[in-house]
Every structure is written in C-alpha cells, then in structure tokens.
Amino acid sequence: MDWSDKYCRFLWRLISRHALLYTEMVTTGAVLHGDRPRFLDYHPHEQPLALQLGGSDPQALAACARLAEQWGYNEVNLNCGCPSDRVQSGKIGACLMAEPALVADCIKAMQDAVSIPVTVKHRIGIDDMEDYSGMVEFVRPIAETGCRTFIVHARKAWLQGLSPKENREKPPLHYDMVYRLKQDFPALEVIINGGITTLPQCRQHLTHVDGTMMGREAYNNPYLLSEVDRLIYGDTSPAPDREQVMAAYIDYCATQLQRGTRLHHMSRHVLGLFQGIPGARQFRRHISENAHKPAAGIDVLDAALAAVQATAKPAR
C-alpha cells in the first residue's frame with residue numbers, strides 16, 4: 001500500500017516484460033464509492049496486471065471483481081495478509097484468516113461474477129492459530145470453491161503486539177510450511193512470498209512451489225528485475241540497461257507532468273534504480289532535494305541521470 005501505484009508499475013514494466021504486477025490493495029469501498037478511475041486506471045504498458053482488493057463483503061467484492069474484468073485486469077486478488085490496524089478495523093486483511101468460511105463465500109461470489117482468475121494472498125497464520133494445521137483449515141474451504149492460486153507470505157501476522165512494519169520483519173519465516181502446502185495440495189498453484197531478495201532464491205523456491213512474489217526488494221532495488229525475463233521466463237531478448245530504463249521513464253514522466261501529476265509522485269519510485277552503481281548517491285540526493293518543489297519539472301530527472309553518467313565516465 002502506498003508504493004506499487006501506477007507510476008511504480010510503469011517503471012517495473014520497463015525493466016521486465018513478463019513479471020505479473022500487482023496493484024496496491026484497494027478497498028471495496030474506495031472502488032465502489034470513491035474516484036473509480038483513480039483506483040482502477042492504469043497504462044496498457046503495465047499488463048499483465050492483477051488488481052488486489054481488500055474487503056469482506058461477498059457482494060461488494062463480486063461487484064469490484066466485475067469492474068476489474070471490465071477494466072481489463074488479468075487477475076483479481078483478495079488480500080488476507082495485510083496486518084495493519086487500519087484494515088483490521090474494517091475486517092480486511094490478515095484478520096480474515098480467522099474466518100475461512102467467510103473468505104470462501106467471498107471467493108465464491110467473486111468467481112461467480114467473473115471469468116478471470118480469482119486468487120488469495122494470505123499468511124501462514126495469525127496470532128495463536130495452530131501453525132500448519134491452522135493454515136490448512138483456512139486454505140481447504142477456499143480451495144473447495146474452485147480457487148486454485150494461493151499466494152502465501154511465509155510469516156505469521158501478530159495482530160496484537162506488533163506493528164505492521166514489525167510484522168514484515170520480526171515473525172520468523174517458515175518456507176517449509178509453504179512447501180508442505182504444495183506437497184499436500186498438488187492441484188493448487190502455490191506462490192511463496194516473504195524475505196525474498198535475489199533471483200537465485202526465487203529459482204531455489206521454484207523447485208518446491210509454482211511461483212515467487214517479491215515485494216520490498218523489487219521496490220528498493222528495481223533493476224533486480226532486469227534478469228527476471230531471462231532467468232525465470234527463458235526470454236533471451238537483451239534487457240535494457242539502467243540508463244535506457246531511466247530515459248524511457250523520463251519520457252513517461254514528461255507526459256504525466258503535462259497532465260498535472262506532480263513530479264515527486266513519480267520520481268520517488270526511481271530512487272533505487274542505480275543502487276550499487278557509482279553516482280547512485282548523487283542521483284538519489286538530487287531527486288530527493290528537488291523533486292518535491294512546486295515547480296519541479298523533467299529537468300530534475302535529466303540532471304540526476306547526468307550526475308550518474310558523469311560519475312560513471314572517467315574524466316579526461
């Protein structure tokens with residue numbers, strides 16, 4: 001939430017042609033009663049793309065799923081893993097793991113409403129739920145609706161006592177439980193999430209499960225995705241280099257600026273593009289110090305890129 005917006009996803013798609021991208025979690029209330037284009041619009045370049053929903057009312061979720069299909073999304077996902085206080089109060093996110101029958105009703109209603117895949121993202125458990133057996137009690141009734149894809153964050157969510165940030169880092173990872181879920185339910189597509197920071201790790205997980213999901217690392221170090229197409233999808237086409245990605249993103253930002261978008265809404269997503277490269281600090285600093293200014297324009301990004309290029313090329 002607040003990170004994988006349409007500007008961020010456009011950047012990611014410049015780097016990987018094949019990775020399935022997910023939107024931020026959007027609540028059913030926002031979609032049905034808010035600024036619908038704001039929450040659902042995207043650039044066609046972002047495809048393939050999944051809409052991630054937060055909610056617990058079957059009828060509302062079905063209505064949102066229909067809108068997702070009408071908008072052209074490839075998948076609609078119900079989030080049952082977010083631990084934030086804000087969503088708990090609305091019976092959204094990880095707290096739904098305590099109500100598998102309700103989640104099954106939600107998934108069934110969504111599936112009845114659309115022909116695109118309906119998927120679930122969840123934790124291995126919450127609070128004092130029995131570890132593996134508790135997860136199975138959650139998964140089984142949902143699988144019985146015909147849902148076939150389960151994206152599993154391999155950490156428990158402690159809804160009492162840990163902050164959302166701590167819930168992303170402190171509970172220990174139990175990849176073995178996700179592997180076991182795939183072994184016990186071989187007909188399901190099981191995708192693993194949590195603490196994955198390298199593509200070799202992804203490939204190792206893929207010997208046990210059907211897919212891997214990467215979150216924070218893809219945001220903090222987006223150029224990591226440049227090897228996804230080759231290593232994961234077998235695409236031998238050359239990946240764009242960082243400067244090519246940045247030049248294409250600058251063109252995109254220029255178009256968005258003409259439509260009234262503030263530069264800092266877009267530029268914040270590109271801060272990690274040159275991570276580990278000489279000049280990366282100057283690149284980040286220039287954007288961080290200038291992009292938020294009211295009159296900031298595309299020259300801020302041009303200058304940041306020039307700083308990297310000047311550092312990378314030895315002076316004569």
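Leaving aside neighbours within four places in sequence, N77 is in contact with Y22, L51, Q52, L53, T119, V120, K121 and I151. I open with this residue because N77 is buried, with a relative accessible area of 0%, and buried here means under 20%. Please keep in mind throughout that the structure shown above is a predicted model.

Let us stay with N77 for a moment. This residue is found in strand β3, which covers residues 75-80. The side chain of N77 also makes a polar contact with the side chain of T119, at 2.8 Å.

One of the contacts of N77 is K121, and that residue is my second subject. K121 has its place in strand β4. Is K121 buried or exposed? Its relative accessible area is 13%, which is under 20%, so K121 counts as buried. Not counting residues up to four places away in sequence, K121 touches Q52, N77, L78, N79, C80, G81, I151, H153, N193 and M213. There is also a distance to note: K121 and G93 are 28 residues apart along the chain, and their C-alpha atoms are separated by 9.0 Å.

From K121 we may pass to H153, since H153 appears among the residues that K121 touches. H153 is found in strand β5, residues 149-157. With a relative accessible area of 8%, H153 is buried. Beyond its neighbours within four places in sequence, H153 is in contact with K121, H122, R123, I124, N193 and G194. How far apart in space are H153 and M213, C-alpha to C-alpha? The distance is 8.8 Å, for two residues that are 60 apart in sequence.

I turn now to the nonpolar cores. The largest nonpolar core has 99 residues, and those that touch the most other members are I107, I142, F150, M246 and Y249. Which helix gives the largest share of this core? Helix α6, residues 100-113, does so with 8 residues. F150, one of the residues just named, deserves a closer look. Leaving aside neighbours within four places in sequence, F150 is in contact with V120, H122, V139, I142, A143, L188, E189, V190 and I191. Apart from the largest core lies another core, of 5 residues, among them Y22, A50, I191 and M213. Some of these names have come up before: Y22 is in contact with N77, I191 is in contact with F150, and M213 is touched by K121.

Next comes a pocket. The second largest pocket holds about 530 Å³ of space. It is lined by 19 residues, and D5, E24, V26, R38 and F39 lie nearest its centre. The elements that give two or more residues to this lining are α1 (6-15), β1 (21-27) and α3 (36-40). Of these, β1 provides the largest share, with 5 residues. What kinds of residue make up the lining of this pocket? The lining divides into 8 nonpolar, 2 polar and 9 charged residues.

Strand β1 also holds T27. T27 is partly exposed, because its relative accessible area of 28% lies between the limits of 20% and 50%. Not counting residues up to four places away in sequence, T27 touches G54 and I92. T27 and T197 are 170 residues apart along the chain, and their C-alpha atoms are separated by 28 Å.

Finally, I come to backbone geometry. As a general background, most residues other than glycine have a negative phi, and most peptide bonds are trans. Where does this model contain a cis peptide bond? One joins Q47 and P48, with omega at about 0 degrees. P48 lies in the loop between α3 and β2, the latter being residues 49-54.

Two residues are of interest for their phi. D2 is not a glycine, yet it has a positive phi of about 75 degrees. D2 lies in the segment before α1 and is partly exposed, with a relative accessible area of 47%. D127, also a residue other than glycine, has a positive phi near 45 degrees. The place of D127 is in the loop between β4 (118-126) and α7 (131-143). Is D127 buried or exposed? At 18% relative accessibility, which is under 20%, D127 counts as buried.

To close, I return to the starting point: N77, in strand β3, is buried with a relative accessible area of 0%, and its side chain makes a polar contact with that of T119. Thank you for your attention.

Conventions: Residues are numbered from 1 along each chain as its sequence is written. This is a predicted model: local features need pLDDT of at least 70, side-chain atom pairs count only at pLDDT 80 or more; totals for chains, interfaces and linings use all residues. Side-chain values use heavy atoms; hydrogens and water are left out. Helices (H or I, at least four residues) and strands (E, at least two) are DSSP runs, numbered from the N terminus. Buried means under 20% relative accessible area, exposed over 50%, partly exposed in between (1.4 Å probe, protein chains only). A polar contact is a pair of N or O atoms within 3.5 Å; within protein, one must be able to donate a hydrogen and the other to accept it, and residues adjacent in sequence count only if both atoms are side-chain atoms. Contact means heavy atoms within 4.5 Å. On a 1 Å grid over the protein atoms alone, a cavity is a set of points where a 1.4 Å probe fits but cannot get out, and a pocket is an open set with protein on both sides within 12 Å along at least five of seven lines; lining residues have an atom within 4 Å of a point. Grid points are joined across faces, edges and corners, and a volume is the space filled by probe spheres set on the points. Ala, Val, Leu, Ile, Met, Phe, Trp, Tyr, Cys and Pro count as nonpolar, Asp, Glu, Lys and Arg as charged, and the others, Gly among them, as polar. A nonpolar core is a set of buried Ala, Val, Leu, Ile, Met, Phe, Trp, Tyr and Cys residues joined through side-chain atoms within 4.5 Å.
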